[in-house]
Each structure stands twice: as structure tokens, then as C-alpha cells.
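User: I would like a close look at a single part of this protein, explained slowly enough for someone in a first year of study.

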Amino acid sequence: MLRVGVIGTGMIGQDHIRRMTSVLAGVRVTAVTDVDAAVAASVAASIGAASFPDGASLIVSDDVDAVVVCSWGPTHEEYVLAAIAAGKPVFCEKPLATTAAACLRIVEAEAAFGSRLVQVGYMRRYDASYRALKAVLDRGDLGAPLMMHCAHRNASVPGFYSREMAITDTAVHEIDMVRWMFGEEITAVRVLTPRRSGNGGDLQDPLLLIFELESGVLVDVETSVNIRYGYDIRGEIVGENGTAALGSLSPVQVRVAGAASDPVPADWRERFLRAYDVEFQEWIDSLAGGGQPVGPSAWDGYAAAVVSDAGVAALRGGERVPVVLASQPALYRAEVAA
Ligand SMILES: NC(=O)C1=CN([C@@H]2O[C@H](COP(=O)(O)OP(=O)(O)OC[C@H]3O[C@@H](n4cnc5c(N)ncnc54)[C@H](O)[C@@H]3O)[C@@H](O)[C@H]2O)C=CC1
Ligand SMILES: O=C1[C@@H](O)[C@H](O)[C@@H](O)[C@H](O)[C@H]1O
């Protein structure tokens with residue numbers, strides 16, 4: 001039984017605690033903490049876990065075998081580094097850290113430790129639709145891939161959400177997905193700013209990102225974060241001989257009164273419900289008997305941050321910004337293709 005301590009009991013922290021408590025096997029949440037001590041205490045009481053005063057004491061607790069970090073992005077680096085120092089596996093929600101420099105510090109700490117401890121919460125790799133799309137691509141049915149069209153639409157975002165977050169917080173999922181889907185690196189980023197939606201106040205929304213890949217494949221990503229009608233994630237690969245797209249996720253199609261309709265999920269918790277379950281179960285299983293995590297690594301988190309930084313520079317400067325990665329420690333070799 002893996003005993004897990006969770007840092008950050010906000011929206012996704014509580015959702016992951018629910019799945020580890022009520023859905024998944026081989027795991028028990030024994031400890032929680034949050035800067036909002038009242039929320040942490042209430043969550044702890046509801047599942048019979050201990051509430052810790054801070055992340056540092058939770059990480060070194062003898063009742064915690066592995067750590068899950070679900071606090072705000074700028075706090076991730078400190079907790080992931082502390083978990084590595086304690087020699088404990090750590091699942092960190094995306095982003096691994098908010099700058100490429102911070103991600104590189106984590107990569108270097110893990111490489112110095114000598115084996116993998118870190119997994120980053122890029123859950124699309126566990127989604128049935130994305131996995132089916134990758135299987136079609138890998139079978140070669142489409143011929144050589146040429147382009148991919150993506151859309152990442154949120155119904156709404158909170159008031160503190162900035163135009164840069166459309167890249168660092170939102171499109172960062174596509175950045176990781178593209179590296180995994182095509183098994184190659186993104187080499188340059190452009191960002192275009194279409195006519196502004198009236199739904200987002202002063203926010204520059206939507207954005208259109210264009211990624212260049214090593215092989216010449218081009219990927220475009222629309223981020224629309226105030227689309228109102230729901231949470232809509234799309235992806236279509238165009239190959240030499242055909243196309244393949246993420247399918248409809250609805251178990252039922254309704255035709256009534258002269259109209260056909262599919263329900264649209266409200267947010268990521270609904271759209272990626274099963275993907276998060278699979279992601280966590282595979283993480284738990286990988287750690288059984290002292291094993292190492294096999295999902296998105298600290299290097300993946302670092303690479304996503306470098307592309308994301310390039311996207312922010314392109315957004316601010318209106319230029320094509322090349323992506324330059326540091327030299328990869330041996331621990332992560334063949335990571336993209338895994
Ligand atoms: N994989 C995915 O699809 C998603 C990932 N996320 C990621 O999960 C993380 C949390 O996001 P949400 O749950 O939406 O935010 P949230 O604001 O609902 O929850 C974050 C919690 O962290 C706590 N916190 C902040 N600083 C802390 C610190 N230093 N120590 C302990 N607790 C601290 C806050 O009090 C809050 O309760 C973010 O990194 C976000 O990017 C969020 C939504 C979906
Ligand atoms: O990770 C997530 C949020 O943090 C982010 O704010 C949303 O835009 C994404 O759709 C969601 O998956």
C-alpha cells in the first residue's frame with residue numbers, strides 16, 4: 001500500500017485525493033497540507049488523514065512514502081527539490097515549475113540523485129482518445145505526418161489569468177502532448193493574436209500558436225479561454241495519405257426537435273476524468289516494490305517549460321523564437337520516444 005502525502009488541497013488536489021481514496025487501488029492518502037490550514041484540516045478529517053503545518057514536514061514524515069504536489073505553480077520547485085532531497089517519489093501537477101531555469105535545477109538534482117523520482121502531471125498521455133490517435137499515427141496509416149491542428153478551449157478563466165498563461169498554463173498541455181505524439185522536439189514557436197473576444201475583458205484571447213518540429217511538421221494550437229459553451233479539446237493530424245482526429249467522447253447522441261446535440265464537458269475534471277485515473281493508477285503501480293515512475297519526467301517538464309518560455313517571448317516580441325534545450329543528462333535519454 002503506497003502511503004501518499006498531498007501538498008495543496010485546492011480544486012485538483014481534492015479531485016486527486018478523491019480518486020486515490022475512492023477509485024484507485026494500492027494507495028492511501030495519509031497526509032495533507034495547504035497554506036489554507038482550515039481547508040487542509042477539513043479535507044484531512046474527511047478521509048482520516050493527518051493535516052501537516054507545511055509541505056517540508058509532510059515530505060519527511062515517516063508516514064509518507066510518496067508526495068503529490070497540487071499547490072500553485074510557483075511553489076512546485078521548492079517541494080519537488082525537497083522530495084528529491086528526501087529520496088521520495090514525487091508526482092507534481094503541471095507545470096513542473098514556472099521557469100525553465102527552475103525546471104533545470106530539478107533535472108540536475110534528480111540526475112545527481114541518480115534515478116527517477118519525479119513524474120509531471122501531463123495527463124493527456126493517458127487519455128484514451130489521444131492514445132488511439134497516437135496508435136493510428138504510429139501504425140503509419142496516414143503516411144508521413146505533415147501537420148496537426150489543435151484547439152484548447154476553456155469555458156472561462158479566473159480574473160488573475162494573464163495572456164501569458166494561455167501559453168504557460170493552458171497550451172503547455174499541447175506542448176507536452178506534441179512532443180509525446182510525434183516523438184520529436186519542438187524547434188521554434190510563433191504566436192499570432194487574432195481579433196480579441198469580448199468575453200475576456202482586456203485579456204488577449206484567443207491566441208494562435210504555431211510550433212515547428214524537427215521533421216518539419218507544423219502544429220497550430222488555438223487557445224480560447226472564454227468560449228462559454230464548455231471545455232472543448234480538439235486535435236487532428238494531417239498525413240500524406242489521410243487524417244485522424246480525436247473522436248467524440250459522448251456515450252450518447254441526442255436528436256430531438258430537428259436538432260442533434262452532444263454534451264460538452266464543463267471542465268478538465270470531467271473531460272479527463274478517466275485519463276487522471278489511469279495516470280495515477282499507472283504511477284502507483286510503477287512505484288510498487290520500490291520501482292521508479294515511468295510517466296512524463298522532469299526532463300519532459302523542463303522541455304515543456306523551454307517551449308513555453310519561447311512562446312511567451314514570441315507573444316511579447318511577435319517573432320519566430322527558436323527553442324534551445326540544455327544538454328540532456330543520461331538519465332533521460334530516449335525520453336521523448338518512450
Ligand atoms: N493536469 C491538469 O489538467 C490540471 C492541472 N492543474 C495544476 O494543478 C495546480 C493546482 O491548480 P488548482 O487546483 O486548479 O488550484 P487551486 O487554487 O484550486 O488550488 C491550489 C491550492 O494550493 C494551495 N497552496 C498555494 N500555495 C501553497 C503552498 N506554498 N503550500 C501548500 N499549499 C499551497 C492553495 O491554498 C490552494 O488550496 C496548478 O499547478 C495547476 O496548473 C490544475 C488544473 C488542471
Ligand atoms: O491544466 C489546466 C488548467 O490549469 C488550465 O488553466 C486550463 O486551461 C487547462 O485546460 C487545464 O487542463
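Across which strands does helix 9 lie?

Analyst: In this predicted model, helix 9, made of residues 273-287, lies across strand 1, strand 2, strand 4 (66-69), strand 5 (90-92) and strand 6, and it runs at about 130 degrees to strand 1. To picture what lies beneath the helix, it helps to look at the sheet itself: six strands form an open sheet in the order 3-2-1-4-5-6, with parallel pairing. Because strand 3 (50-51) and strand 6 (118-120) stand at the edges and have a single partner strand each, one side of each is left without a neighbour in the sheet. Further in, strand 1 (residues 2-7) pairs with strand 2 (residues 27-33) in the parallel sense over six bridges, and Gly-5 stands opposite Ala-31 of strand 2. Another helix, helix 2 (residues 37-47), lies across strand 2 and strand 3, running at about 155 degrees to strand 2.

Helix 9 also has a part in how the two domains meet. The chain is divided into domain 1 (2-123 + 275-297) and domain 2 (125-272 + 304-322), and their centres, taken over C-alpha atoms, are separated by 26 Å. Where they touch, 18 residues of domain 1 are in contact with 13 residues of domain 2. On the domain 1 side of this contact, helix 5 (100-113) and helix 9 each supply at least two residues, and helix 9 gives the most, with five residues. The residues on that side of domain 1 divide into 11 nonpolar, three polar and four charged.

Definitions and conventions. Residues numbered from 1 in each chain as written. Chains lettered and ligands numbered in written order. Predicted model: local features only at pLDDT ≥ 70, side-chain atom pairs only at ≥ 80, totals over all residues. Pairing = 2+ DSSP bridges. Helix = DSSP H or I, 4+ residues; strand = E, 2+ residues; numbered from the N terminus. Contact = placed C-beta atoms within 7 Å. Axes fitted to C-alpha atoms, helices over the stretch in contact; angles between N-to-C directions. Domains from an automatic or database assignment. Nonpolar A, V, L, I, M, F, W, Y, C, P; charged D, E, K, R; others polar.
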